[in-house]
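Thank you all for coming. I would like to take a few minutes to walk through one structure, beginning with a single side chain and working outwards from there.

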Amino acid sequence: MDKKVMIIGHGVWGKALASVIKHNTSSISFWNRQDPITNVEVVILSLPVQSMREALTKAKIDKSMPIIINTSKGIEQDTYKLPHQICLDVLKRDIDYYTLIGPSFAEEVEQHMPTIVNLGYQNGENKKLVKQLFQTDYFRVKLTNNITTLELAGALKNVYAIICGLSEGMGFRTNTRAKLLILAMTEMQTLFHALGLTNSVDSLAGTVGDLFLTCNSIASRNFRFGKLLASYPAEEALKRIGSTVEGYFTSSSITYFQKQGIALPLASLIRQIIMGNDPGKAKELLIQFLKQV
């Protein structure tokens, strides 16, 4: 197998993915943000979701492009769209689309730490080829035909990681975090059910696994951001992180789901804390919430 692959996004995750697929193909390049994308067989999206629409528009991907693989997590502000919906908006044609989501910190992937992720697909015309592109003895890929569930879970886990970080910043420990994780999983199931989605066993890496990883490690930017909220207003916490905090942007979509009559009290609390921009109030709100649930 020697497919020509181009990665949109030259950050730590894009580089980590390149370190994986180099085992299975020798033709890997990164988009330079200027030239249109032609003469490649696979495009991998590895950039903040808030930048995806602009990048896809500038890339002018050749209409013959058969395979696009998303590896980004988030919900676009204002449109409330997931990555596969953004791709459809911009490209305006059917594509063989996949989404790669699971518990996978970039640094550990580059160190060849054993990792498992989901590869979601719809039609799955080239699913075996795409799986083969990523599969190694340390990076294992499980197929599932549930793209929307994976992308929603991948977005929301960043929001819940913020509240777990805040709880640690307030001095709460593992009992409290376990409680927050249970509440988060319950809310995600509520959302899936309300939207007519399923969360099957073959999607556990991208749903439960990714939630667990992001909510339990200081290596997560969203977790670190939440921890900073115990001491700083949201705007200052963002500056101290110094890079994209996807959960911060995704939290704005919570009101969109509420307007559809879907109750997400923990996610709503996170949005309230972020908008309040007051660490003292953030602590008070979380303590009150934890007493009631």
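Let me start with E168, which counts as partly exposed because its relative accessibility in this predicted model is 26%, a value between the 20% under which a residue is called buried and the 50% over which a residue is called exposed. The side chain of E168 meets that of R177 in a salt bridge, with 2.5 Å from N to O, and R177, at a relative accessible area of 9%, is buried. Side chains of opposite charge can pair when their charged atoms come close.

How many salt bridges does the structure hold? There are 11, and I would like to show you two more of them. In one, R53 pairs with E76, and the closest N and O atoms are 2.8 Å apart. This pair links distant parts of the chain, for R53 sits in helix α2, residues 49-59, whereas E76 belongs to the loop between β4 (67-70) and α3 (83-91), the two residues being 23 apart. R53 is partly exposed, with a relative accessible area of 25%, while E76 is buried, with a relative accessible area of 7%. Salt bridges also join R53 and E76 into a network with K81 and D89.

The other pair is R240 with E236, where the closest N and O atoms are 3.0 Å apart. Here both partners lie in one helix, α10, which covers residues 234-241, and they are four residues apart, about one turn of the helix. As for accessibility, R240 is partly exposed at 47%, and E236 is also partly exposed, at 29%.

Let me return to helix α2, where we also find Q50, a residue that counts as partly exposed at 24% relative accessibility. Which residues does Q50 touch, if we leave out those up to four places away in sequence? They are I75, E76, Q77, E246 and F249, and you will recognise E76 as the salt-bridge partner of R53. Between Q50 and H10, which are 40 residues apart in sequence, the distance in space is 15 Å from C-alpha to C-alpha.

Helix α1, residues 12-21, is another element to look at, and eight of its 10 residues are buried, so this helix is largely enclosed by the rest of the structure. The buried residues of α1 are W13, G14, A16, L17, A18, S19, V20 and I21.

Finally, let us step back to the whole chain. Its secondary structure comes to 14 helices and seven strands. The radius of gyration is 19 Å, close to the 19 Å that the globule rule gives for 293 residues, and the chain is therefore as compact as a globular protein of that length. Along its principal axes, the C-alpha trace spans about 55 × 40 × 40 Å.

Of the 293 residues, 52% count as buried, and the accessible surface comes to about 13200 Å², with 50% of that area belonging to carbon and sulfur atoms. If we take the contacts between residues at least 6 apart in sequence, 73% of them join residues at least 24 apart. To close on charge, where we began, the chain has 32 positive and 25 negative side chains, and the centres of these two sets lie 3 Å apart.

Notes. Residues are numbered from 1 along each chain as its sequence is written. This is a predicted model: local features need pLDDT of at least 70, side-chain atom pairs count only at pLDDT 80 or more; totals for chains, interfaces and linings use all residues. Side-chain values use heavy atoms; hydrogens and water are left out. The radius of gyration is taken over C-alpha atoms; the globule rule is 2.2 Å times the number of residues to the power 0.38. Buried means under 20% relative accessible area, exposed over 50%, partly exposed in between (1.4 Å probe, protein chains only). Contact means heavy atoms within 4.5 Å. Accessible areas come from the Shrake-Rupley method with a 1.4 Å probe; for residues, only the protein chains shown count as cover. Lys and Arg count as positive and Asp and Glu as negative; His and the chain ends are not counted. The place of a charge is taken as NZ of Lys, CZ of Arg, CG of Asp or CD of Glu. A salt bridge is a side-chain nitrogen of Lys or Arg within 4 Å of a carboxyl oxygen of Asp or Glu.
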